[in-house]
Amino acid sequence: MGSRHPKTANLELYVVNRLTEPQLGRLEEHLLLCAECQGRVAALDAYHAVLKEALLDLKADVHCTKDGLIYNWVEVLPNGRYAGRHRGATLDGGSDFATQKQAKTFLERSFEEMFPEHRCNRNCLPKYKRTSTDDWSNCTLLSR
Ligand SMILES: [Zn+2]
Ligand SMILES: [Zn+2]
């Protein structure tokens, strides 16, 4: 076993308590020795805490992709328009529209363009579970 840094996707799953063995053990071992990755974990932890809180009100879709967790949601803007938003560890984008439907269509199309090989599976949360205490129950481990 080398000392290669774990992938961001695995660190993300670790901070939302969804990394499983054997990756979990390996990652924790690495973390003990690697200050750089401890810093990455702290940053991701803060990032996901903020997102999770914001998303409780926003009914986001969450996808587990090869680039980590991607959040898609529609937000009502102060000017009455609707913003379709994408957020992820390597992604922050969006666009605004006159109707909610247009914003949703935009999200579906642009997500498909960005992740053409992605097929939703049990790792995805098609609808964010707003009332559950464990919002990540379906999000286990990326397959790669
Ligand atoms: Zn490291
Ligand atoms: Zn998906």
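Strand β2 is mostly covered in this predicted model: of its nine residues, seven are buried. This strand is a good place to start a tour of the chain, and the account below works outwards from it.

The chain as a whole contains four helices and four strands. Their order along the sequence is α-α-α-β-β-β-β-α, so that the run of strands is preceded by three helices and followed by one. Of the 144 residues in the chain, 23% are buried. Among contacts with a separation of 6 or more, 47% join residues that lie 24 or more positions apart.

The four strands make up an open sheet with antiparallel pairing, in the order β1-β2-β3-β4. The edges are held by β1 and β4 (91–97), each of which has a single partner strand, so one side of each is left without a neighbour in the sheet. On average, and with direction ignored, neighbouring strands of the sheet are turned by 15° against each other.

The pairing of β1 with β2 is antiparallel and runs over five bridges. Three of the residue pairs can be followed one by one. Val62 has Tyr71 of β2 as its bridge partner, His63 stands opposite Ile70 in β2, and Cys64 is partnered by Leu69, again in β2. The two strands form a hairpin, with two residues between them. Like its partner, β1 is mostly covered, with four of its five residues buried.

On its other side, β2 is joined to β3 by seven bridges, and these two strands also run antiparallel. Here Val74 finds its bridge partner in Gly84 of β3. A hairpin links β2 and β3 too, this time with five residues between the strands. Gly80, in the turn of that hairpin, has a positive phi of about 85°.

What covers the sheet? Helix α4 packs on the sheet and touches β2, β3 (82–88) and β4. The direction of α4 makes about 30° with that of β3.

The nonpolar residues fit well into this picture. In soluble globular proteins, nonpolar side chains tend to be buried together. The largest nonpolar core in the model has 12 residues, namely Ala60, Val62, Cys64, Leu69, Ile70, Tyr71, Trp73, Val74, Tyr82, Ala103, Phe106 and Leu107. At least two residues of this core come from each of β1 (61–65), β2 (68–76) and α4 (100–114). The greatest share belongs to β2, which gives five residues. A second core, separate from this one, has seven residues, including Leu11, Leu13, Tyr14 and Leu19. Several of the bridge pairs named above reappear in the largest core: Val62 and Tyr71 are both members, as are Cys64 and Leu69.

Strand β3 also holds a charged residue that deserves a closer look. Is Arg85, which lies in strand β3, buried or exposed? Arg85 counts as buried because 20 C-beta neighbours lie inside 10 Å, which just meets the cut-off of 20 or more for that class. Setting aside its neighbours within four places in sequence, Arg85 is in contact with Trp73, Glu75 and Gly94. Of these, Trp73 is also one of the residues of the largest nonpolar core. Arg85 and Asp96 are 11 residues apart along the chain, and their C-alpha atoms are separated by 8.6 Å.

Towards the beginning of the chain, helix α1 (residues 8–15) has Ala9, Leu11, Glu12, Leu13 and Tyr14 as its buried residues. Among them, Leu11, Leu13 and Tyr14 belong to the second nonpolar core. The helix is followed by Asn17, whose phi is positive, near 60°. A little further along, the peptide bond from Glu21 to Pro22 is cis, with omega near 5°. Pro22 itself is placed in the loop between α1 and α2 (23–33).

Note on methods. Residues are numbered from 1 along each chain as its sequence is written. Chains are lettered from A and ligands numbered from 1 in the order in which they are written. This is a predicted model: local features need pLDDT of at least 70, side-chain atom pairs count only at pLDDT 80 or more; totals for chains, interfaces and linings use all residues. Two residues are in contact if their C-beta atoms, placed from the backbone, lie within 7 Å. A nonpolar core is a set of buried Ala, Val, Leu, Ile, Met, Phe, Trp, Tyr and Cys residues joined through C-beta atoms within 7 Å. Two strands pair if DSSP finds at least two bridges between them. Axes are lines fitted to C-alpha atoms, for helices over the stretch in contact, and angles run from 0 to 180 degrees between N-to-C directions.
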